[in-house]
Structures are given as C-alpha cells and as structure tokens.
Amino acid sequence: MTAVSAATATAPDAPLRRRPPSTPVFQVRDLWKVFGPKADRVPGSPEADLDAAELRRRTGCTVAVRDVSFDVHPGEVFVVMGLSGSGKSTLVRCLTRLIEPTDGRIAIDGEDVRGMDRGTLRQLRRHRAAMVFQHFGLLPHRTVLDNVAYGLEIQGRGRSERRRRAAEMVAKVGLAGLEGRRPGQLSGGQQQRVGLARALAADPEVLLFDEPFSALDPLIRRDMQEEVVRLHREEGRTMVFITHDLSEALRIGDRIALMRDGRIVQCGTPEEIVGSPADDYVRDFVRDVPREQVLTVRNAMRPVRDGEAGSGPALAPGTLVRDAIESVARTGLPARVVEEGRCLGVVDHATLLAVVAGVAGRAAA
Ligand SMILES: Nc1ncnc2c1ncn2[C@@H]1O[C@H](COP(=O)(O)OP(=O)(O)OP(=O)(O)O)[C@@H](O)[C@H]1O
C-alpha cells in the first residue's frame, strides 16, 4: 500500500504572506513546458503546432504543457484532469518549479514565481504550496504522531508545539487513538490519512495533490475523497488536485481544468463541463456521467406558465436535478425554482426527464 505525504519544513520565523482578498492564489499565463534539446525555441514557433510524433522526430522535443492560462481562486478545490500523458503532473509541478517551466508567467498571491531565488522557492514549497504525493512513504519506524510531527520538526518547532499540533491533525483526519501505531500497522487508507495530516500540520496556504488516492481500492478511495471535501469545507484551504478519474473530479472539484495533449480544453465548474461541453472531445469525455447528479435546476427549468407561480414545492436554484426528481415524484406537482422569494422557473416531469436523457437543451427550446 502507498501513503501520501508532503514536502514540508522551513525556519519557524518564515514570513507567512497573506494576499489581498481578491488576488488569485495562482495566476498562470501562457505557460509552456517543453522537454528536450533547445526546448526554449519551441513555444510560439511553427513547430509547436506539429503533432507530438512529428515534433519529436524533427526537434527531439515533447510539449508537455502548451500555452496554458488559468487562475486558482482562494478557497477553491481546483482539479486538473485528463488522460495519462495529457500534462497534468508537469503542469502542477511547474507551479512551484519542481519542474522548470520553459515559457510563460506564474504568480502566487501576485508574486512572480519564476523570479524567485532558491531560498524563496524552498520557503514557497514548504510553507505556502505543499505537494502531497501518491508515492511518498511515511517513515516506517516512527509512530503516527511522530510522522505527522515530522514536518514541524524540520521547521524547527518546539517539541510540545509539535506534539500538540500533530495530535490535533491526527484527530482531524479521524485517526484519534492510533497515534502510537507505526505505518505498517495501518491500512492503506489510514496511511493516506497520516500523509494528509502531515501535510495539514505544516499549514500550507495551498495543498497540491498529485493523484493521492489512485492506488486505493474504490471504497477507501471514496472515503478519502469525502475526507478531502470535509476538510476543505471545515478549513476553506485552497487545493489543487490532479486526477485522471472523472467521477473523482466531479465529486471534489469546485472547478475542473480538463487537459488534452498539454492544452486546457475546458476550464469550468462540474456543471459547466457536463452541461456545456466545449467541444466533441469534452462531450465524449462526459458522455456517461449521470447528468442528474451534476446539473442543477437552474439549468433545467423552463419558464413559468399561468397559475404555476404559487403552487408546487419550492427549490433553490442550486438544487441538483436528482433531488428535484424526488420532490416532483413525491408531490406529483411541478416544482418552482425560487430565489429570494422570486419564482425563476419551473421543473416538471418532462424537463427533469430531458436532463436525464441528455436532451435538456432541445426539450426547453
Ligand atoms: N522528464 C521528461 N522528459 C521528457 N518527456 C516527459 C518528461 N516528463 C513528462 N514527459 C512527457 O510529457 C507529457 C506529459 O506528461 P505528464 O506526466 O505531465 O502527464 P500526466 O497527464 O501527468 O500523465 P499520468 O496521468 O500518466 O501521470 C507526456 O508525453 C510525457 O511523456
């Protein structure tokens, strides 16, 4: 079984920067990462538009990230999703220059990352944007508590503070009572939780997860996804999460960047990606998603007809179609979509079925 952990540690007096409220945590503009000889000649050149095999044949280079721009907002779970080889890991490693970008701009809290010297970068990775890897073992001879405290130890925190904070984090991830065990005495899911607690103990502003749960069996995986969502709700910490699993992305993401061949082909909320795919590739990607579990009544409703505004159950615009189906089935009446006392529209059997059948736009027309 694998475990997660985080790059942690720094001097105890390191400055923790606080950004003005509206500044994105990460701002990425026109970012390229090209592997191979003379890589810096590729971005923006005619060769950059060649297909991967031809580019490799002519230049020996691979474009892993291709002219990518996006923002990560404070407090959101931003998911980078795509098939194997689409560039997810390279992109996220570029954010803290674990991989050196070839071209483009990256800012954290408005501060230029590409201009940072080595010391500042180390601070960045340890304090501000900690990476939680899938294959990053816990220390086998240390207890759960000491594993969680490890990052704080390297940060130079005092023993009592370390133990207090580590115990807090162990409880937070649901492992209270197991503090004295060693990693080998834990299940895979429990080991993941230790890794998560270790990352949280260091209190980074952003957690960067690289497929942390992909080696777990489906039930434990689901458990860990819920754990991440819960921690996110409780703490409001910004998270960037890589996955190749669409259902995982839809479950945990506030927004999803869908990558293909190094490009972001669509960036939006789960509802935008499933409800309004940007092209045939995205449409194909989300074809099998149960739409009623992602789309809300705001996008399913039709205009109100005479006499409807005062009857039927009232639903908030953000209600999932799945839940609206239950209301309509239970009452036998069309449901009103109500916001601040105003009826915005109505969902009835036909509009809800149209969502399930994937013909919602056509039915509303
Ligand atoms: N060090 C490297 N040298 C050359 N090419 C690389 C290097 N690292 C990655 N690549 C290539 O860059 C592309 C993107 O790889 P990357 O690992 O970022 O994709 P990914 O979407 O994270 O894939 P996976 O889900 O399999 O981890 C791939 O074509 C890969 O072969």
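**Exercise 1. Determine which element gives the largest share of the shell around the ligand, and describe that shell.**

The largest share of the shell around the ligand, three residues, is supplied by α2, where helices (H or I, at least four residues) and strands (E, at least two) are DSSP runs numbered from the N terminus. This is a predicted model, in which local features need pLDDT of at least 70 and side-chain atom pairs count only at pLDDT 80 or more, whereas totals for chains, interfaces and linings use all residues. Residues are numbered from 1 along each chain as its sequence is written.

The next step is to list the residues: F35, T62, A64, G82, S84, G85, S86, G87, K88, S89, T90 and H244 surround the ligand, a residue being near a molecule or strand if its C-beta atom, placed from the backbone, lies within 6 Å of it. Two or more residues of this shell come from each of β3 (62-72) and α2 (88-95). Sorted by class, the shell around the ligand holds two nonpolar, nine polar and one charged residues; here Ala, Val, Leu, Ile, Met, Phe, Trp, Tyr, Cys and Pro count as nonpolar, Asp, Glu, Lys and Arg as charged, and the others, Gly among them, as polar.

**Exercise 2. Describe the chain as a whole.**

Begin with the elements, of which the chain has 13 helices and 14 strands. Taken along the principal axes, the box filled by the C-alpha atoms of the chain is roughly 70 × 60 × 40 Å. Of the 365 residues of the chain, 41% count as buried, and a residue is buried if 20 or more other C-beta atoms, placed from the backbone, lie within 10 Å of its own, exposed if 12 or fewer, and partly exposed in between.

**Exercise 3. Work out how α6 packs with α7 and with α5.**

Two packed helices are described by the angle between their axes and the distance between the axes. Axes are lines fitted to C-alpha atoms, for helices over the stretch in contact, and angles run from 0 to 180 degrees between N-to-C directions.

For the pair of helix α6 (residues 188-201) and helix α7 (residues 218-235), the angle is about 25° and the axes are 10 Å apart. The two helices α6 and α7 are therefore roughly parallel to each other, since angles under 35 degrees count as roughly parallel, over 145 as roughly antiparallel, 65 to 115 as roughly perpendicular and the rest as oblique. Residues G188, G189, Q192 and R193 of α6 meet I220, D223, M224 and E227 of α7, contact meaning that the C-beta atoms of two residues, placed from the backbone, lie within 7 Å. By class, this contact of α6 with α7 has two nonpolar, three polar and three charged residues.

For the pair of helix α5 (residues 159-172) and α6, the angle is about 135° and the axes are 9 Å apart, which makes α5 oblique to α6. The contact is formed by R165, A166, M169, V170 and K172 of α5 with A197, L200 and A201 of α6, and its residues divide into six nonpolar, no polar and two charged.

**Exercise 4. Is G268 buried, exposed or partly exposed?**

G268 lies in strand β11 (residues 263-268). With 18 other C-beta atoms within 10 Å, G268 is partly exposed. Leaving aside residues up to four places away in sequence, G268 touches R255, I256 and I273.

**Exercise 5. Establish how enclosed helix α4 is.**

Eight of the 11 residues of helix α4 (residues 144-154) are buried, so α4 is largely enclosed by the rest of the structure. Among the buried residues in α4 are V144, L145, N147 and V148. Just after α4, G156 takes a positive phi of about 85°.
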